[in-house]
Amino acid sequence: MPYFPIYGYHIDIWVIPVLLTAVWAIIASARVNSTFKKYSKIKNVHGRTGAECAMAVLHAGGVYDVRVEKVSGKLTDHYDPKANVIRLSEEVYDSTSVAALGVAAHEAGHAVQHATGYFPIKIRTAIVPVCQIGSNLAMPLVLLGLILGALDLAYIGVALFGLAAVFQLVTLPVEFNASSRALNCLETEGILVGDEIKSARKVLSAAAMTYVAALASSLANLLRLYMLVNRRDD
């Protein structure tokens with residue numbers, strides 16, 4: 001296992017990408033909050049609320065059976081396919097800001113994806129149970145395998161941990177497509193106009209980077225875990 005000397009200490013070199021991606025994730029999350037806050041101060045010229053925007057995007061996509069509800073919390077907006085409902089946070093549901101409309105349109109984009117059978121979201125939905133089980137079993141199997149010297153068991157744990165990276169990878173096209181659908185609808189339906197579209201795009205672009213950072217973090221941790229087991233295998 002290679003090491004990197006720092007002030008007389010030898011640091012496992014595979015820890016470095018884990019730390020870098022963790023910092024990236026923190027920065028990406030902070031950027032989402034700051035970008036949303038910035039464009040939350042800009043009201044759309046038509047005075048539409050986030051809830052009204054979500055309904056408009058749904059109807060434009062030919063979807064009429066999805067409810068839009070208010071939920072507590074900050075940026076807790078999401079589409080629940082099981083309940084067939086879009087839940088918008090308080091600062092999005094009633095807000096008329098371009099940031100709120102961008103977020104609301106994005107979540108409506110997910111609902112349209114489900115309604116139209118968008119293939120990547122079918123894959124993501126199908127693998128969710130497997131990924132959840134894998135995530136819960138991965139570390140116990142790795143640790144148990146290392147303690148008992150059963151490296152085959154440890155490698156199984158690493159493979160299960162890899163399911164988290166697979167999920168993050170599948171999530172990327174789903175999120176990018178939902179944002180693309182949202183921005184296209186906001187413009188073609190005249191929900192936002194002019195520079196409002198640019199502002200909404202900046203909000204959604206900042207949010208998209210959190211998913212990229214999450215994938216990078218998952219891959220870095222997968223590599224670190226693999227090298228940890230591989231070192232015991234040498």
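Me: Let me start with classes: Ala, Val, Leu, Ile, Met, Phe, Trp, Tyr, Cys and Pro count as nonpolar, Asp, Glu, Lys and Arg as charged, and the others, Gly among them, as polar. How do the residues lining the largest cavity divide?

Reply: Into 5 nonpolar, 2 polar and 1 charged. Keep in mind that this is a predicted model, where local features need pLDDT of at least 70 and side-chain atom pairs count only at pLDDT 80 or more, while totals for chains, interfaces and linings use all residues. Residues are numbered from 1 along each chain as its sequence is written, and side-chain values use heavy atoms, leaving out hydrogens and water.

Me: How many cavities of 30 Å³ or more does the search find?

Reply: Rolling a probe the size of a water molecule over the atoms shows where empty space is left. A cavity here is a set of points, on a 1 Å grid over the protein atoms alone, where a 1.4 Å probe fits but cannot get out; lining residues have an atom within 4 Å of a point. Searching the whole structure gives 1 cavity of 30 Å³ or more, and the largest has a volume of about 30 Å³ (the space filled by probe spheres set on the points, which are joined across faces, edges and corners). Its lining consists of H106, E175, F176, S179, L204, A207, A208 and Y211. Two or more residues each come from α6 (151-188) and α7 (195-233), with α7 giving the largest share, 4 residues.

Me: And what is the strand order in the open sheet?

Reply: Strands pair through backbone hydrogen bonds, either parallel or antiparallel. Strands (E, at least two residues) and helices (H or I, at least four) are DSSP runs numbered from the N terminus, and pairing takes at least two DSSP bridges. The 3 strands run β3-β5-β4 with mixed pairing; β3 (67-71) and β4 (78-80) are the edges, each pairing on one side only. β4 is antiparallel to β5 (85-89), with 3 bridges; Y79 has I86 of β5 as its bridge partner.

Me: Buried or exposed: which is S72?

Reply: S72, in the loop between β3 and β4, is exposed because its relative accessible area is 51%, and exposed means over 50%, buried under 20%, and partly exposed in between (1.4 Å probe, protein chains only).

Me: Which residues have the most contacts inside the largest nonpolar core?

Reply: In soluble globular proteins, nonpolar side chains tend to be buried together. A core joins buried Ala, Val, Leu, Ile, Met, Phe, Trp, Tyr and Cys through side-chain atoms within 4.5 Å. The largest has 35 residues, with L58, I86 and L186 having the most contacts.

Technical notes: On a 1 Å grid over the protein atoms alone, a cavity is a set of points where a 1.4 Å probe fits but cannot get out, and a pocket is an open set with protein on both sides within 12 Å along at least five of seven lines; lining residues have an atom within 4 Å of a point.
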